[in-house]
Amino acid sequence: MIAEAGLAALWLAAACALLQLVMAAIGLRQTRGETIDQLFAAVRPVAIVGGLLTTISFACLIAVFLRSDMSVLLVAQNSHSAKPLLYKFAGAWGNHEGSMLLWVTVLGIAGGAIALLEHRLAERTLVATLGAQAAIALGFFAFLLAASNPFARLDQAPADGMGLNPFLQDPGLAFHPPTLYIGYVGLSVAFSFAVGALVTRDVGTAFARAMRPWVLGAWIFLTLGITAGSYWAYYELGWGGWWFWDPVENASLMPWLAATALLHSVTVLATRDGLRAWTVMLAVIAFSMSMLGTFLVRSGILTSVHAFAVDPSRGTFILALLALYIGGAMALFALRIGTVKAGNTFELLSREGALVLNNLLLSVILGLVLIGTLYPIVASAFGTQLSVGAPFFDKTIGPIVLILVAALVAGPMIRWRRDQWSALAGRVIAPIAAAVIALAALILFAPFKSVLSLLGLAFAIGLAVASVAPLWKRDLRRAPLFTYGMVIAHLGVAVSLAGMASDSAFTQERLVAAKVGDPVSIGPFRVRLEGIKPVIGPNWSGLEARLSIQRGDGAKFIMRPEQRFFANPPTTTSEAAIATRLDGQLYAVLGQPDTGGRWQLRLWWKPFVTFIWLGGVLIALGGALSLIGRLRRERRPVLRERYA
Amino acid sequence: MNRWLIWLPFIAFAGLLGLVATELSRPTDRTVRSALVGKPLPAFALPPALPDKPGLASAMFGQGRPRLLNVFASWCVPCIAEAPHLMTLKREGVEIDAIAVRDTPDAIRRFLMRHGDPYSRIGDDKVSAAQLALGSSGVPETFVIDGKGRIVRQHVGGIRADDVAGLIDTVRSAR
């Protein structure tokens, strides 16, 4: 019954989306009249009901997974009754159909949220936006209902399910995909806003102010999702570490880069009414990158270690959706943007100019990631098989990130409209001095490894100093919340960059074959293999090594890396043990035994590696503060108008 | 802004779409290309796996006639499935040698009695050394070695009925 209810809700939600699109289209064709007002008034409630229906449908899917209803095909294929409750729950989106339903649910909720919360935008533009949102949703509804029904039943229910891929049986599954999806699909709102504004030719500060919180919100989730995914890939062995330039990772990075650029350009549009066409284009590109990423990952056209739901036959369907939406939006852009009046212009040395530089550099990075990701497809079209990996990306993107960081040092210190080079020079002297001193100290005292990581550390320190400059000599209680947001987000960039550079410059690795009782040393630690014993979990059995570790004369502590054997489906996973200290992480992995009773042990000491994710969290926190600050400030006049 | 320039994003996207569509419509090629194809057989010399059959060394290949080299094990289920097709190849006049991986004489003898014996020689590869040298990652795998002792083809996995004709062609054309 629950599955049928879910399917019914899904069909009804699709009908709502169709209704929403048709009403918006009819309404926008006419210019005035009573029908128009009635149509416009009805679009909002329909969008809200549609959002509720998709939520109900998704709740039904969760319910069949929690109840382990094996008569539902998807549950039988991806779940198992002996699985811990958390993974029954999160397993609902650990597969193709479920994750597409999650995607559509976020899309529906986003549409409902625009209808419910957006009161600043001109009515016609809002209706056009909701129409665009409905059009996107319809395509994905069609995809779900025609090609990937998550509620399909089996005639004969099996005794038990086939289980969830053990690599996915991790708390990360409960957090990482939903946050990432909220981010991806949240960008659809920016896309719909852009399409709406192009339809009504209404691109200006009001449009930018209305769009900004949505972009910011999606970007916060995207940042958190990527940070969480990066940490998950880091502690799950075999996924290549915290960043691997894998196509799936790049698929999440590209929308993030576009959204980061959009976030900055929309500020120029909101504050100074400049960069109209560019901002609209970026809004289109950001969500296009989300869809392109989904396509690349799902179609199996690129090979990835993170792809868990590959089906080439479905690729064609997503490709058709891509052609329709991205192609349509870009054609609309080309047809309409000429008729949108140009916004304000500005001097080269101004905050606007700095933000343009930020956008240019982010776009170049985005372009490089896109080229690197797609190049294997281009090469394969010409008959060569190759893969593009870290060597390409590190060499091309590393230097540009450094230039971007340099721009980021100066950017927030430059005034809007116009500024003086001499005045700017006085302001940037402190961060530049900090970076130079740091660089000198590193060259003198640190073991030299690579120029890029040394420069990365020095630049990070300079940026950390520069990022707090906007609060310098200001009344800290009166500084607006979004200024704090900016400061913390930029500080987060510095912290994250420091973590990445430190990891690549100072990480130490040891691979040993150790007998029980053997001592090993790694970095500042002395490690002793105390013993190996069998352990048993809820749906796995395993072997656990006991390592006792001492740093200098400090207290001893124990680490327990494991090998786990899952029965459904039969898989062996390696559970790394990680000890986190203020200045880094000790990472231990238990490998295979050899015939002489020795065990393979792999140990890493990674100084300050945690800064990578700490920085990511800071960036998201900065975004959240900024979002709250903006909403508070912009809510005030609206409230005053309403209750005056 | 230039009237044509604003179509650039659309055109770039259309190009990308065309590329991806052609790539998607092409049948996926799952052939494993061995880096050793075209190279001479790596050197190995294995003792006999059975007392009544000669062992196998790389020097025995490349004496003018193409041969098949089958990597198998008595404990491997797909090897049972491919056994009748190896017998067919033998009846067609193809000469087949084998490397038995991590196996015992008793088990090999039982396997050959039950599923047929297409092999002229069987080398005993106790620790998978020869298998690894050949770049073979599992059992069964079959190599076609030409008359000059070079690897012409690597067939990964069991031989199925529809592979037989292709293998015979490869052997006949490998002089």
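**View 1. Helices H14 and H15 of chain A pack at an angle of about 150°.** This is a predicted model. Helix H14 of chain A covers residues 421-445, and helix H15 of chain A covers residues 451-467. Their axes lie 8 Å apart. An angle over 145 degrees counts as roughly antiparallel, so H14(A) runs roughly antiparallel to H15(A). The crossing is right-handed. From H14(A), the contact residues are A:Ala430, A:Pro431, A:Ile432, A:Ala434, A:Ala435, A:Ala438, A:Leu439 and A:Leu442. H15(A) answers with A:Leu454, A:Leu457, A:Ala458, A:Phe459, A:Ile461, A:Gly462, A:Leu463, A:Val465 and A:Ala466. By class, this contact of H14(A) with H15(A) has 16 nonpolar residues and one polar residue. No charged residues take part in the contact of H14(A) with H15(A).

**View 2. Helices H7 and H8 of chain A cross at roughly 155°.** H7(A) spans residues 171-200, and H8(A) spans residues 205-235. Their axes come within 7 Å. H7(A) and H8(A) are therefore roughly antiparallel to each other. The crossing of H7(A) past H8(A) is left-handed. By class, the contact of H7(A) with H8(A) has 20 nonpolar and eight polar residues. Charged residues are absent from the contact of H7(A) with H8(A).

**View 3. Domain 1 of chain A meets domain 2 of chain A.** The domain assignment places domain 1 at residues 1-169 and domain 2 at residues 171-414 of chain A. It also gives domain 3 (420-502 + 613-644) and domain 4 (508-607) of chain A. The C-alpha centres of domain 1 and domain 2 of chain A lie 24 Å apart. Their contact takes 34 residues from domain 1 of chain A and 33 residues from domain 2 of chain A. On the domain 1 side, the elements giving two or more residues are helix H4 (85-90), helix H5 (96-117) and helix H6 (123-147) of chain A. H6(A) gives the largest share of that side, 10 residues. By class, the side of domain 1 has 21 nonpolar, 10 polar and three charged residues.

**View 4. Chain A and chain B are in contact.** Chain B gives 16 residues to the contact, and chain A gives 22 residues. By class, the chain B side has 12 nonpolar, two polar and two charged residues. The predictor gives the complex an ipTM of 0.79 and a pTM of 0.84. Chain B has a mean pLDDT of 87. In chain B, 95% of the residues reach 70 or more.

**View 5. Helix H12 of chain A packs with helix H1 of chain B.** H12(A) covers residues 351-381, and H1(B) covers residues 8-25. The angle is about 65°, with the axes 10 Å apart. The crossing of H12(A) and H1(B) is left-handed. A:Ile377, A:Val378, A:Ser380 and A:Ala381 in H12(A) face a contact set of B:Leu19, B:Val20, B:Thr22 and B:Glu23 in H1(B). By class, the contact of H12(A) with H1(B) has five nonpolar, two polar and one charged residues.

**View 6. Two loops hold backbone features worth a look.** Most residues other than glycine have a negative phi, and most peptide bonds are trans. B:Val139 and B:Pro140 are joined by a cis peptide bond, with omega about -10°. B:Pro140 lies in the loop between helix H4 (129-133) and strand E6 (141-145) of chain B. A:Trp245 has a positive phi, near 55°. A:Trp245 sits in the loop between H8 and helix H9 (247-272) of chain A.

Terms used. Residues are numbered from 1 along each chain as its sequence is written. Chains are lettered from A and ligands numbered from 1 in the order in which they are written. This is a predicted model: local features need pLDDT of at least 70, side-chain atom pairs count only at pLDDT 80 or more; totals for chains, interfaces and linings use all residues. Domain bounds come from an automatic or database domain assignment. Two residues are in contact if their C-beta atoms, placed from the backbone, lie within 7 Å. Helices (H or I, at least four residues) and strands (E, at least two) are DSSP runs, numbered from the N terminus. Ala, Val, Leu, Ile, Met, Phe, Trp, Tyr, Cys and Pro count as nonpolar, Asp, Glu, Lys and Arg as charged, and the others, Gly among them, as polar. Axes are lines fitted to C-alpha atoms, for helices over the stretch in contact, and angles run from 0 to 180 degrees between N-to-C directions. Angles under 35 degrees count as roughly parallel, over 145 as roughly antiparallel, 65 to 115 as roughly perpendicular and the rest as oblique. A crossing is left-handed if the near helix is turned anticlockwise from the far one by less than a right angle, and right-handed if clockwise. pLDDT is the predictor's confidence in each residue, from 0 to 100.
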